[in-house]
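Here are my notes on the model you sent over. Have the structure open while you go through the points.

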Amino acid sequence: MQIVLPGSLPDPREARELTPHMLKAAPTLGGWLRLGLASATASSPAVAGCTPYERWQLAARNFKPGRGQNLSAGLGPLWADKFTQRDQPVWLAELVHVAPSREGARLLAAHDLSITTADSVALFDSAQELFAESAFTAHPLGAEHWRIEIDGDFAPVCASPGLVALSSVNDWWPQDREARPWRKLVNELQMQWFEHPVNRARETRGLAPINSLWLFGGARPDQLADQMPGKQPQVHDALLAPFHAHDWGRWLQILQELEATLFKPLSRKQPELVLIGNDKYVEIRPASWLGFLKRLPGKRDSWRTWWSPLD
């Protein structure tokens, strides 16, 4: 069994302060950290173009970016490879909300917008005339994404919507000449959707309007290895929201709940773990003889070298 915990790896300075509280809230997890064999992978979002969790997903499928691609290019086929030819690039557009802020435009990704299939279909239908007049073709792909075909050689280096939501649209919005047709199409969609019935209805329900698309992907499905049969990790992302909000009281409360419902019931057989932070992820495998060595004096705290390297 493999358990994946996005938002479980605080930055070093915060991790150092949280260590005694974490060990008290989740002693079973603390034991696994002490005895497991850990492997840390640095993941700079600025270079990868995606979050460390997304990078881990791509690494699990052995994704290799092609020339001129960043790692986030693999998210296209990762999320849609069952619907495309394996030798063709997969571009996706995510339905998002974009709003101005003091730091520049901010983006809310689809998973924070409660998008229904009816919302997505109505917006898709309204966009067809604009797409028909552009170099792009859209195909529906679930409630949150549309698959995009590009007529021509336009192949931007994009960031994932999940990463953009944690930073600023201005940092990732393509400004080069080749991107003008896509920028024009998005601007026209934003104007068309401003008073769209879907968004008027959403506002009456207290929901943010769906007012833009975010393009990403571009890799081919054959750049991904086939998923190993039977290897389906359990992803528990309840820590993620308080992690990004730096709400460590709530973070510890959720960790305590995971201790009772997830960690302690598995205490007799340590699972594989993946702890994910802001700029790295750590994979922890159960150890047999190594676990015995780690019980020796001076070895029990070796896990702190990757948990809080400032110690």
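**Notes on the sheet and the helices**

1. Let's start with helix H4 (residues 52-60), which lies across S1, S2, S8, S9 and S10. Against S10, H4 runs at about 50°. Keep in mind throughout that this is a predicted model.

2. Now the sheet itself. This is an open sheet of five strands with mixed pairing, and the order reads S2-S10-S9-S1-S8. Strand S2 (37-42) and strand S8 (234-235) sit at the edges, each pairing on one side only. Helix H2 (residues 27-35) also packs on the sheet, where it touches S2, strand S9 (272-277) and strand S10 (280-285). The direction of H2 makes about 100° with that of S9.

3. Have a look at the S8 edge. Strand S1 (residues 2-9) pairs with S8 in the parallel sense, over two bridges. If you want a spot to click on, valine 4 stands opposite valine 235 in S8.

4. On to H9, with a quick check of its length. With 14 residues at 1.5 Å a residue, H9 should span 20 Å, and its end C-alpha atoms are indeed 20 Å apart, so the two agree.

5. Which residues of H9 are buried? They are Trp182, Arg183, Leu185, Val186, Leu189 and Trp193. Around the axis they cover an arc of only 160°, which puts them on the same side of H9. The face turned away from that buried side carries Arg180 and Met191, both exposed.

6. What do the buried residues of H9 pack against? Their partners are strand S3 (91-99), H6, strand S5 (136-141), strand S6 (145-150), H10 and strand S7 (212-217).

7. H10 is one of those partners, and here is its own buried set. In helix H10 (residues 197-204), Val198, Asn199 and Arg202 are buried. Viewed down the axis of H10, these residues fall within an arc of 90°, so they line one face of the helix. That buried set packs against helix H6 (117-132) and helix H9 (180-193).

8. Finally, the stretch following H10. Arginine 205 lies in the loop between H10 and S7. Its relative accessibility is 47%, so arginine 205 counts as partly exposed; the cut-off for exposed is over 50%. Arginine 205 and alanine 155 are 50 residues apart along the chain, and their C-alpha atoms are separated by 38 Å. Glycine 206, just after H10, takes a positive phi of about 80°.

How values were computed:
Residues are numbered from 1 along each chain as its sequence is written. This is a predicted model: local features need pLDDT of at least 70, side-chain atom pairs count only at pLDDT 80 or more; totals for chains, interfaces and linings use all residues. Side-chain values use heavy atoms; hydrogens and water are left out. Buried means under 20% relative accessible area, exposed over 50%, partly exposed in between (1.4 Å probe, protein chains only). Helices (H or I, at least four residues) and strands (E, at least two) are DSSP runs, numbered from the N terminus. The arc is that of the directions from the helix axis to the C-beta atoms. Contact means heavy atoms within 4.5 Å. Two strands pair if DSSP finds at least two bridges between them. Axes are lines fitted to C-alpha atoms, for helices over the stretch in contact, and angles run from 0 to 180 degrees between N-to-C directions. The expected span of a helix is 1.5 Å times one less than its number of residues.
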